[in-house]
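Here's a quick tour of one protein chain, going from a single residue out to the whole fold. Have the viewer open while you read.

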Amino acid sequence: DKWQLWRSDAGAHAMALRGTVMKVGSILEDLISVLVRATGRVTVDRQSVDFQFAADPAAGVHLGFALGTLLLLKDPVHGILAQLAQRGIGPGSQVYVTGHSQGAAMATLLRSYLAHAPDAPAGLLCKTYVFAQPRPGNDHYALDFERRCSNPGLAFRVTNSLDWVPQVPFTVELFRDLNEPNPLSVLAPSRLMGLLMKALESMAAEARHLIDKHSRAHLLPRAAALARMVRPSGSTTSVTAFDVDVLPSLNFVNAGSEEALTGTPCAGAECHDAFFQHHCTTYYALLLAQVP
């Protein structure tokens, strides 16, 4: 299952999102993607799906994780929104949101969606615990999420210091990612600095173009599946492209209050497992040893 809904005897609910599966498309979704505006729409074959993951207009989110989250939300029968409504989970309901790996990034975006989107149920009492979270958005998204969820003590992410997954997707912070005013926007740069800035921005633009082109090819099936969920019956099902507002940035960061675990170096055969530091069992052992 891609997500599960649990109910305790006391009446609280928990939503658990699955992490990456060992398929090329799923892994590439983690490693390679672009930032899109946190509030906007994805248009597929003339069918548009609106979304809102933040209030900050400068917030951006990871496109692959955003599409995956929308798929879990929008399925008209098995989707999160449909199941919450069907089971009467509404104002005042206590809901825990959790996930590991890719599921941790999507659980973070899910929590944001429940806080901001017009079609989300109002009044849920949510708390988030995620593990081994890859970076779900840019710094403005992270600050938006942390102000809304972490500042009240309602959103935590657990990170093993030796796990590589929280370090992806690959990120580059350039001058245009800085808030303004700053010294570069107020003071005229030297000729040498100006040339350097221009060269770096040109390289970054080319990198974004290549990543965007590569990402879309792998994410097209997800976009097509999303369109089929919301399109009226009788519409065509052939999809060859999708449109979304891509940001001119590759500045990905983590989001949520961090509970840091000190990793234990691998030994012997463990070192041949690229995911050894990332496994749920590794996190569980570290939690038992280090968290009272």
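Is Arg46 buried or exposed? Keep in mind that this is a predicted model. Arg46 counts as exposed because its relative accessibility is 73%, and the cut-off for that label is over 50%. You'll find Arg46 in the loop between E4 and E5. Its phi is near 70°, a positive value in a residue that isn't glycine.

Ser101 makes a nice companion. This residue isn't a glycine either, yet its phi is positive at about 65°. Ser101 sits in the loop between strand E7 (94-100) and helix H4 (102-116). Here the burial label goes the other way: Ser101 counts as buried because its relative accessibility is 4%, and buried means under 20%.

As background, most residues other than glycine have a negative phi, and most peptide bonds are trans. On the peptide bond side, there are two cis cases to look at, listed here.

| Peptide bond | Geometry | Omega | Place of the proline |
|---|---|---|---|
| Val168 to Pro169 | cis | near 5° | Pro169: loop between strand E9 (155-160) and helix H6 (183-186) |
| Glu180 to Pro181 | cis | near 5° | Pro181: loop between E9 and H6 |

Back to E4 and E5, the strands on either side of the Arg46 loop. They belong to an open sheet of three strands, ordered E5-E4-E10 with antiparallel pairing. Its edge strands are E5 (47-52) and E10 (242-243), each of which pairs on one side only. Strand E4 (residues 39-44) runs antiparallel to E5, and six bridges join the two. If you want one to click on, Gly40 has Phe51 in E5 as its bridge partner. In general, strands of a sheet pair through backbone hydrogen bonds, either parallel or antiparallel.

Now zoom out. The protein chain has eight helices and 11 strands. How does its radius of gyration compare with that of a compact globule? With 292 residues, such a globule would come in near 19 Å, and the chain has 20 Å, so the two agree. The C-alpha trace spans about 70 × 55 × 40 Å along its principal axes.

Inside, 46% of the 292 residues are buried. Of the contacts between residues at least 6 apart in sequence, 79% join residues at least 24 apart. On the outside, the chain exposes about 14700 Å², with carbon and sulfur atoms supplying 59% of that. As for charge, there are 24 positive and 25 negative charges, and their mean positions are 6 Å apart.

Key: Residues numbered from 1 in each chain as written. Predicted model: local features only at pLDDT ≥ 70, side-chain atom pairs only at ≥ 80, totals over all residues. Heavy atoms only, no water. Helix = DSSP H or I, 4+ residues; strand = E, 2+ residues; numbered from the N terminus. Rg over C-alpha atoms; globule rule 2.2 N^0.38 Å. Buried < 20%, exposed > 50% of the residue type's maximum accessible area, 1.4 Å probe, protein only. Contact = heavy atoms within 4.5 Å. Areas by Shrake-Rupley, 256 points an atom, 1.4 Å probe, with all protein chains shown as cover. Lys, Arg positive; Asp, Glu negative; His and termini not counted. Charge placed at Lys NZ, Arg CZ, Asp CG, Glu CD. Pairing = 2+ DSSP bridges.
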